[in-house]
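Please study the structure shown below and work through the exercises that follow it. Each exercise sets a task and then gives a solution in steps.

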Amino acid sequence: MIISWPLMRGVERARCVDCVFVIRRTLRDDRDRWVRRFGFVPQLRAALHGGSVVTPKIRVDRHMIAYFGDVMNATVRLEGLCRETKRSVLVSEAVLCRMPVLPDGIEAEALRRHVVRGRSGEMVVHALAERRMCPGLRRGPPSPPS
């Protein structure tokens with residue numbers, strides 16, 4: 001699946017990151033329904049990258065928009081790095097640096113530079129994940145004393 005925005009709208013308030021984690025939370029929250037209906041819960045890997053793309057509208061039986069260009073190739077390669085790095089969500093440093101702030105509860109971890117097939121240079125990659133709570137910590141206000 002490809003979800004796209006004009007770059008400035010995607011990085012404003014980190015909408016592109018928020019979208020990925022809303023989808024992940026929705027899958028997790030609907031876990032029981034997925035298991036009952038299909039026997040498993042879909043797993044999501046995501047890659048966030050940005051830049052100029054070619055987007056012709058092709059008319060066959062229905063309208064179809066196709067995306068082409070270096071950005072698409074790099075994004076596909078970045079998504080492929082999810083397996084290698086054992087991370088579910090990766091973002092290029094080029095996009096991460098354009099975001100003023102990440103959504104609450106999301107943190108970035110710098111990974112090493114990666115050589116991405118089909119590109120001449122290395123790509124600086126970061127993993128995004130929901131911040132882990134320590135087992136002893138509780139969310140919300142403390143319970144009143146009994």
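The following exercises concern a predicted model of a protein.

**Exercise 1. Describe the overall make-up of the protein and state where the prediction is least confident.**

Step 1. Begin with the elements: the protein has five helices and six strands. Read along the sequence, they follow the pattern α-α-α-β-β-β-α-β-α-β-β.

Step 2. Turn to burial and contacts. Of the 146 residues, 28% count as buried. Among contacts with a separation of 6 or more, 56% are between residues 24 or more positions apart.

Step 3. Consider the confidence. The average pLDDT of the protein is 80, and 75% of the residues score at least 70. Of the elements, helix α3 (residues 31-38) has the highest mean pLDDT (93), while strand β3 (residues 63-65) has the lowest (61).

Step 4. Look at residues 138-146, where pLDDT stays under 50 and the model has three contacts beyond four places in sequence. Where pLDDT is low, the predicted coordinates should not be read in detail.

**Exercise 2. Determine how strands β1, β4, β5 and β6 are paired, and in which sense.**

Step 1. Start with β1 (46-48) and β4 (89-92). These two strands run parallel and are joined by three bridges. Within this pairing, Ala47 has Leu90 in β4 as its bridge partner.

Step 2. Proceed to strand β6 (residues 122-130), which pairs with β4 in the antiparallel sense over three bridges. Here Val91 stands opposite His126 in β6, and Ser92 has Val125 in β6 as its bridge partner.

Step 3. Add strand β5 (residues 106-115), which is joined to β6 by eight bridges and runs antiparallel to it. In this pair, Glu107 is matched with Ala129 in β6.

Step 4. Combine the results: β4 is paired with β1 in the parallel sense and with β6 in the antiparallel sense.

**Exercise 3. Is β4 covered on its faces or open, and which residues show this?**

Step 1. Identify the residues on each side: Val89 and Val91 lie on one side of β4, and Leu90 and Ser92 on the other.

Step 2. Examine their burial. These four residues are all buried, and both faces of β4 are thus covered.

**Exercise 4. Describe the largest nonpolar core and the contacts of Leu128.**

Step 1. The largest nonpolar core has 16 residues; those that touch the most other members are Val17, Phe21, Leu48, Val91, Met99 and Leu128.

Step 2. Find the elements that contribute. At least two residues come from each of α2 (15-29), β1 (46-48), β4 (89-92) and α5 (93-96). The most come from α2, which gives four.

Step 3. Apart from this core lies another, of 11 residues, which includes Leu78, Cys82, Leu90 and Val116.

Step 4. Return to Leu128. Leaving aside residues up to four places away in sequence, Leu128 touches Val17, Phe21, Leu48, Val89, Val91, Leu96, Leu102, Ile106, Glu107 and Ala108.

**Exercise 5. Compare Val11 with Arg13: which is buried and which is exposed?**

Step 1. Locate each residue. Val11 lies in helix α1 (residues 7-11), and Arg13 is in the loop between α1 and α2.

Step 2. Apply the cut-offs, under 20% for buried and over 50% for exposed. Val11 counts as buried because its relative accessibility is 3%. Arg13 is exposed because its relative accessible area is 58%.

Step 3. List the contacts of Val11 beyond four places in sequence: Val95, Arg98, Met99 and Pro100. Val11 and Arg98 are 87 residues apart in sequence, yet their C-alpha atoms are 6.4 Å apart in space.

Step 4. Inspect the backbone of Arg13, which is not a glycine but has a positive phi of about 55°. Most residues other than glycine have a negative phi.

**Exercise 6. Which elements line the largest pocket, and what is its volume?**

Step 1. The volume of the largest pocket is about 760 Å³.

Step 2. Its lining consists of 28 residues, of which Ile2, Ile3, Ala47, Leu48 and Thr75 lie nearest the centre.

Step 3. Assign the lining to elements: α1, α2, β1 and α4 (70-85) each supply at least two residues. The largest share is that of α4, with five residues.

Technical notes
Residues are numbered from 1 along each chain as its sequence is written. This is a predicted model: local features need pLDDT of at least 70, side-chain atom pairs count only at pLDDT 80 or more; totals for chains, interfaces and linings use all residues. Side-chain values use heavy atoms; hydrogens and water are left out. A nonpolar core is a set of buried Ala, Val, Leu, Ile, Met, Phe, Trp, Tyr and Cys residues joined through side-chain atoms within 4.5 Å. Buried means under 20% relative accessible area, exposed over 50%, partly exposed in between (1.4 Å probe, protein chains only). Contact means heavy atoms within 4.5 Å. pLDDT is the predictor's confidence in each residue, from 0 to 100. Two strands pair if DSSP finds at least two bridges between them. On a 1 Å grid over the protein atoms alone, a cavity is a set of points where a 1.4 Å probe fits but cannot get out, and a pocket is an open set with protein on both sides within 12 Å along at least five of seven lines; lining residues have an atom within 4 Å of a point. Grid points are joined across faces, edges and corners, and a volume is the space filled by probe spheres set on the points.
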